[in-house]
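Let's take a walk through this structure together, starting with one helix and working outwards to the chain as a whole. Have the model open beside you as you read.

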Amino acid sequence: MRYKVIKDADQIILKSPYFVSNPTKYKNGWSKVFGNQKPICLELGMGRGDFIIHMALKYPHMNFIGVELYASQMVAAVTKLQKMDLPNLRLIHMDARDIDQVFGKEIDTIYLTFSEPWPKKQDERKRFTHESYLRLYDKVFKRDKHIILKTDNKKFFAYSLETLSQYWYSFHRVSLDLHHDEIPIENVMTDFEKVYYQEGRAIYYVDARYEN
Ligand SMILES: C[S@@+](CC[C@H](N)C(=O)[O-])C[C@H]1O[C@@H](n2cnc3c(N)ncnc32)[C@H](O)[C@@H]1O
């Protein structure tokens, strides 16, 4: 997917108090960054940030970190945050592939929200639910593993259910139509999700866990 390039995006995000410019420095010390022992949740590929910002607002008893590859995408998030005060939120500009360089075993939940589906077989390893990613997540989960995934892409969803179950995750909750499920699921919409919801597209959802 191609995203709009914003001139000086790196400089803009650097000025935000939410932005962590040298995240490897805090490996195994994120509780100290937040100044508390509350659970830490990551969103990989946070894009323009609506989800992670509203999660931090809704759940002040938890800490949230948004990870994003493109600085231009993050500009929207830091702009929205200008007039907000969210001590439980931080943003990191990095490739999700390297999260084990930034986090030790200190993460409670990973959110995969409308991740790139990488439909071509040759790109399978780039999918955030490829086994190599699931192995990577093992390095940062505190004890139990907990992944919440949302997508509009049926094939990517089916693929993810398969890789997760092959990796011994069990499914706490699955929905083939998150917004119209008979038993409502507590949900905060992402930027992409808002658009798909308006278009009437079904959103697939899974809450996958592995309890040690
Ligand atoms: C389709 S968008 C979804 C954005 C947001 N989660 C939402 O639902 O609105 C996917 C996002 O993942 C980011 N992304 C893709 N690969 C990434 C990677 N390896 N590391 C971090 N972010 C990545 C993209 O830059 C993009 O912002």
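A good place to begin is helix 4, where Ala-71, Ser-72, Gln-73, Met-74, Val-75, Ala-76, Ala-77 and Val-78 are buried. Please bear in mind that what you see is a predicted model. Helix 4 spans residues 71–80, and with eight of its ten residues buried it is mostly covered. In general, an α-helix makes a turn every 3.6 residues, so residues three or four places apart point the same way. In helix 4, though, the buried residues include an unbroken run from Ala-71 to Val-78.

What do the buried residues of helix 4 pack against? Two of the partners are helices, namely helix 1 (9–14) and helix 3 (50–58). The others are strands: strand 2 (63–68) and strand 3 (89–93).

Now let your eye move to the C-terminal part of the sequence, where strand 7 covers residues 204–210. Strand 7 is also mostly covered, with five of its seven residues buried. Which strands pair with strand 7? One is strand 5 (residues 145–151), which pairs with strand 7 in the antiparallel sense over seven bridges. To find this pairing in the model, look for Ile-147, whose bridge partner in strand 7 is Ala-208. The other is strand 6 (residues 170–175), which runs antiparallel to strand 7 and is joined to it by five bridges. Here a handy landmark is Arg-173, with Asp-207 as its bridge partner in strand 7.

With these two regions in mind, step back to the whole chain. Its secondary structure consists of seven helices and seven strands. Read from the N terminus, the order of the elements is α-α-β-α-β-α-β-β-α-β-α-β-α-β. The radius of gyration is 16 Å, close to the 17 Å given by the globule rule for 212 residues, so the chain is as compact as a globular protein of that length. Along the principal axes, the C-alpha atoms fill a box of roughly 40 × 40 × 40 Å.

How much of the chain is buried? Of its 212 residues, 50% count as buried. Contacts tell us about the fold too: among those with a separation of 6 or more, 76% come from residues 24 or more positions apart.

Finally, consider the outside. The chain exposes about 11400 Å², and carbon and sulfur atoms supply 51% of that area. As for charge, the chain has 32 positive and 28 negative charges, and the mean positions of the two sets lie 4 Å apart.

How values were computed:
Residues are numbered from 1 along each chain as its sequence is written. This is a predicted model: local features need pLDDT of at least 70, side-chain atom pairs count only at pLDDT 80 or more; totals for chains, interfaces and linings use all residues. Side-chain values use heavy atoms; hydrogens and water are left out. Helices (H or I, at least four residues) and strands (E, at least two) are DSSP runs, numbered from the N terminus. The radius of gyration is taken over C-alpha atoms; the globule rule is 2.2 Å times the number of residues to the power 0.38. Buried means under 20% relative accessible area, exposed over 50%, partly exposed in between (1.4 Å probe, protein chains only). Contact means heavy atoms within 4.5 Å. Accessible areas come from the Shrake-Rupley method with a 1.4 Å probe; for residues, only the protein chains shown count as cover. Lys and Arg count as positive and Asp and Glu as negative; His and the chain ends are not counted. The place of a charge is taken as NZ of Lys, CZ of Arg, CG of Asp or CD of Glu. Two strands pair if DSSP finds at least two bridges between them.
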